[in-house]
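This report looks at how two protein chains meet and at some details of their backbone. Please keep the sequence and the 3D view at hand while reading.

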Amino acid sequence: MKLSLLASLRAARAAGRPVVLLTRLSDGHQCLWPDEALPGALAEAAQAALDSDRTANIESEGEAWFVQPHNPPLRLVIVGAVHVAQALAPMAAGMGFDVTIVDPRRAFATEERFAGVTLNHEWPDEAMTALSPDTRTAIVTLTHDPKLDDPALDVALKSPAFYIGALGSRRTHAKRVDRLKELGHGDAAIARIAAPVGLDIGAVTAPEIALSIMAQVVARRRGK
Amino acid sequence: MTEDMLETAAAWAEAGEQVAIATVVETWGSSPRPAGSMLVVTASGRMAGSVSGGCIEGAVAEVAQETMRTGQPQLLDFGISDERAWEVGLACGGKLKVFVEKLA
């Protein structure tokens, strides 16, 4: 790899701009798409790799190419700077997620409790709107408090986020569903919420609950 | 993981090291590391990342040294049908291709 190409690749990543690295395996020739215009088949393969977030091997004009997408990191927005969030944030970061914790209660969302994690002290609806969840975003509400969780879920359900999870028992969720319906969300939208949050692994402790949540996020991400 | 390895490669190069990057470009069967996984190697022997469960790293690192000397990229084929795979201990039964290139 040329140092100049590595610099361009790093610059794109730092800017959160999706790019694709294409390598011709016969001689190691490389290019960065869409920075460089490419013949149809290669450009199409590059776009497909970005869309699926998967590497690909393709043949173009008798040459084998390795196509490697560099999408911006997946994002996890955690609403509620609670105990489970303290276990969830580092676990998600380890899986490559860019983590943001939203909690207007400054006593909870402290640097001391969440070293190195991005903290957002806005009210959840404002925070969520500004964060503008996309198809590479997962959202988990953990506060238990309708005042904080509901506005976050309201924005989440209007977004294309690939995962929405809400902590709380079945009973808590049933009441939440009623409130979200009053806000105008239909059954199909509400069915997007994983609640009770996480895969059923019998989790009890905060780290176990965090694990069950991340397991479910990964499963959704991988289409399972 | 992949992303971190590019940062590592850049940091090592900036520190004046000669660097080679090995990337998994294709896998078949049971393979512990998906395509795109990277191993970064320096001429001084530093290593970061991985391209397998550890079974072929030694062989890849050797080729990386050669690639740094010659500047020639190489496409390596490891698999159960390949005698070499057994030599280097790919007993997990997978098959993979690794592309090794110099950062220059």
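In this predicted model, a good place to begin is B:Glu101, which, leaving aside residues up to four places away in sequence, touches A:Met1 and A:Gln30 as well as B:Val19, B:Ala20, B:Ile21, B:Thr23, B:Thr67 and B:Pro73. B:Glu101 belongs to strand β5 of chain B, and its side chain is joined to that of A:Gln30 by a polar contact of 3.1 Å. Although B:Glu101 is buried, it has no salt bridge, and the nearest side chain of opposite charge, that of A:Lys2, is 9.8 Å away. The absence of a salt bridge follows from the cut-off, because such a bridge requires a nitrogen and an oxygen within 4 Å of each other.

**The interface of the two chains**

The wider setting of this residue is the interface, where 22 residues of chain B are in contact with 18 residues of chain A. The size of an interface is often given as the accessible area lost when the parts come together. Between chain B and chain A the buried area is about 1700 Å², and carbon and sulfur atoms give 57% of that area.

How many salt bridges are counted between chain B and chain A? The count is three, and one pair that forms a salt bridge is B:Glu14 with A:Arg10, whose closest N and O atoms are 3.4 Å apart. In addition, ten residue pairs are found in polar contact across the interface of chain B and chain A, with both residues at pLDDT 80 or more. On the side of chain B that touches chain A, at least two residues each are supplied by α1 (2-14), β1 (19-28) and β5 (95-103) of chain B, and the largest share, seven residues, comes from α1(B). Sorted by kind, the residues on this side of chain B are 13 nonpolar, three polar and six charged.

**A helix inside chain A**

Within chain A, helix α3 (residues 83-94) has as its buried residues A:Val84, A:Ala85, A:Ala87, A:Leu88, A:Ala89 and A:Ala92. These buried residues of α3(A) pack against two strands, β5 (75-79) and β6 (98-102), and against the helix α8 (206-221), which are elements of chain A. After α3(A) comes A:Gly96, which has a positive phi near 90 degrees.

**Backbone angles in the loops of chain A**

Most residues other than glycine have a negative phi, and most peptide bonds are trans. The table lists some places in chain A that depart from this pattern.

| Residue or bond | Feature | Angle |
|---|---|---|
| A:Trp33 to A:Pro34 | cis peptide bond | omega near 5 degrees |
| A:Ala195 to A:Pro196 | cis peptide bond | omega near -5 degrees |
| A:Asp53 | positive phi, not a glycine | phi about 55 degrees |
| A:Ser132 | positive phi, not a glycine | phi near 45 degrees |

Where in chain A is A:Pro34 found? A:Pro34 is in the loop between β2 (30-33) and α2 (40-52), while A:Pro196 is in the loop between β10 (193-194) and α8 of chain A. A:Asp53 has its place in the loop between α2 and β3 (56-60) of chain A, and A:Ser132 lies in the loop between α4 (124-131) and β8 (137-141) of chain A. A:Asp53 counts as partly exposed because its relative accessibility is 25%, and A:Ser132 likewise counts as partly exposed, at 44% relative accessibility.

Definitions and conventions
Residues are numbered from 1 along each chain as its sequence is written. Chains are lettered from A and ligands numbered from 1 in the order in which they are written. This is a predicted model: local features need pLDDT of at least 70, side-chain atom pairs count only at pLDDT 80 or more; totals for chains, interfaces and linings use all residues. Side-chain values use heavy atoms; hydrogens and water are left out. Contact means heavy atoms within 4.5 Å. Buried area is the accessible area (1.4 Å probe) that two parts lose on being put together, summed over both. A polar contact is a pair of N or O atoms within 3.5 Å; within protein, one must be able to donate a hydrogen and the other to accept it, and residues adjacent in sequence count only if both atoms are side-chain atoms. Helices (H or I, at least four residues) and strands (E, at least two) are DSSP runs, numbered from the N terminus. Ala, Val, Leu, Ile, Met, Phe, Trp, Tyr, Cys and Pro count as nonpolar, Asp, Glu, Lys and Arg as charged, and the others, Gly among them, as polar. Buried means under 20% relative accessible area, exposed over 50%, partly exposed in between (1.4 Å probe, protein chains only). Lys and Arg count as positive and Asp and Glu as negative; His and the chain ends are not counted.
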